[in-house]
Amino acid sequence: MRHAAFTAIMFTAAIAGCQTLPEELGPQDFSVIEAASADWVGAYNANDWELLASYFTSDAILMPPNGPAVTGRENIAAWEAENETGYRIALDIENIGGSGDTAYVRGRSCVFVPLNESEYGVDAGKFLEVRKLQEDGAWLVDVDIFNSDTPEEAGLQAACPFADGWE
């Protein structure tokens, strides 16, 4: 009986030892993800919420500040249309990492909030995305969380700390 248990343990350990870890992301993955982020920013700045939603997985989760999570492309497009129409954004990607079919993108953001027809206030913050590799090679956003660095009572800033010459 002990021999059988020992054999089972050794067999399990041998199989576990033979498994390979998912491959780390490489320069090509980073380039594709950076381009996808630029496309996302372009859709956001055009306030094209249907196009923006297409950069998310079908069951993606958007976790905006001060509200409940939003699940699914259609709901994300509707949330954006209701809450961010007229806004613009600039992103500063600070780190991309991951392995296999999962990546994360972390960085800073500036959301340009319209004050009137020609002026914006800036809400500087941070974001974290989890992206999933699709069969066609696209890296779509699966989870997106973002929040402000500015205390609510401080109000909007006059400029973005990393987007000189914005607009």
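This is a short walk through a predicted model, stop by stop, with something to select at each one.

**Stop 1: the sheet.** Begin by colouring the strands. You should find an open sheet of 6 strands in the order β2-β1-β6-β5-β4-β3, and its pairing is mixed. Select 70-71 and 88-99 next: these are β2 and β3, the edge strands, each of which pairs on one side only.

**Stop 2: the β2 end.** Now zoom in on β1, residues 56-63. On one side β1 pairs with β2 in the antiparallel sense, over 2 bridges. The two strands form a hairpin with 6 residues between them. Click on N66 in that turn, where phi is positive, at about 60°. β1 also pairs with β6, this time in the parallel sense and over 4 bridges.

Which residues face L62 in these pairings? Select L62 and look towards β2, where V70 stands opposite; in β6, the bridge partner of L62 is D144.

**Stop 3: β4 and β5.** Move along the sheet and select 102-114 together with 120-133. These are β4 and β5, paired in the antiparallel sense over 13 bridges. For one example of their register, pick V113, whose bridge partner in β5 is G121.

**Stop 4: the helices on the sheet.** Show residues 27-45 as a cartoon. This is helix α2, which lies across β1, β3, β4, β5 and β6 and runs at about 155° to β3. Then add residues 73-84, helix α4, which packs on the sheet and touches β1, β2 and β6. The direction of α4 makes about 40° with that of β1.

**Stop 5: the largest pocket.** Select P65, V111, D123, F146 and S148, the residues nearest the centre of the largest pocket among the 31 that line it. The space there comes to about 640 Å³. Which elements build the lining? At least two residues each come from α2, α4, β3, β4, β5 and β6, and β5 gives the largest share, with 7 residues. If you colour the lining by type, expect 16 nonpolar, 8 polar and 7 charged residues.

**Stop 6: the disulfide.** Finish by showing C110 and C160 as sticks. The structure holds 1 disulfide, and it joins these two cysteines with an S to S distance of 2.0 Å. Turn the view to look along the S-S bond: the link is right-handed, with 85° about that bond. C110 sits in β4 and C160 in the segment after β6, so the pair ties together parts that are 50 residues apart in sequence.

Definitions and conventions: Residues are numbered from 1 along each chain as its sequence is written. This is a predicted model: local features need pLDDT of at least 70, side-chain atom pairs count only at pLDDT 80 or more; totals for chains, interfaces and linings use all residues. Side-chain values use heavy atoms; hydrogens and water are left out. Two strands pair if DSSP finds at least two bridges between them. Contact means heavy atoms within 4.5 Å. Axes are lines fitted to C-alpha atoms, for helices over the stretch in contact, and angles run from 0 to 180 degrees between N-to-C directions. On a 1 Å grid over the protein atoms alone, a cavity is a set of points where a 1.4 Å probe fits but cannot get out, and a pocket is an open set with protein on both sides within 12 Å along at least five of seven lines; lining residues have an atom within 4 Å of a point. Grid points are joined across faces, edges and corners, and a volume is the space filled by probe spheres set on the points. Ala, Val, Leu, Ile, Met, Phe, Trp, Tyr, Cys and Pro count as nonpolar, Asp, Glu, Lys and Arg as charged, and the others, Gly among them, as polar. A disulfide is a pair of cysteine sulfur atoms within 2.5 Å.
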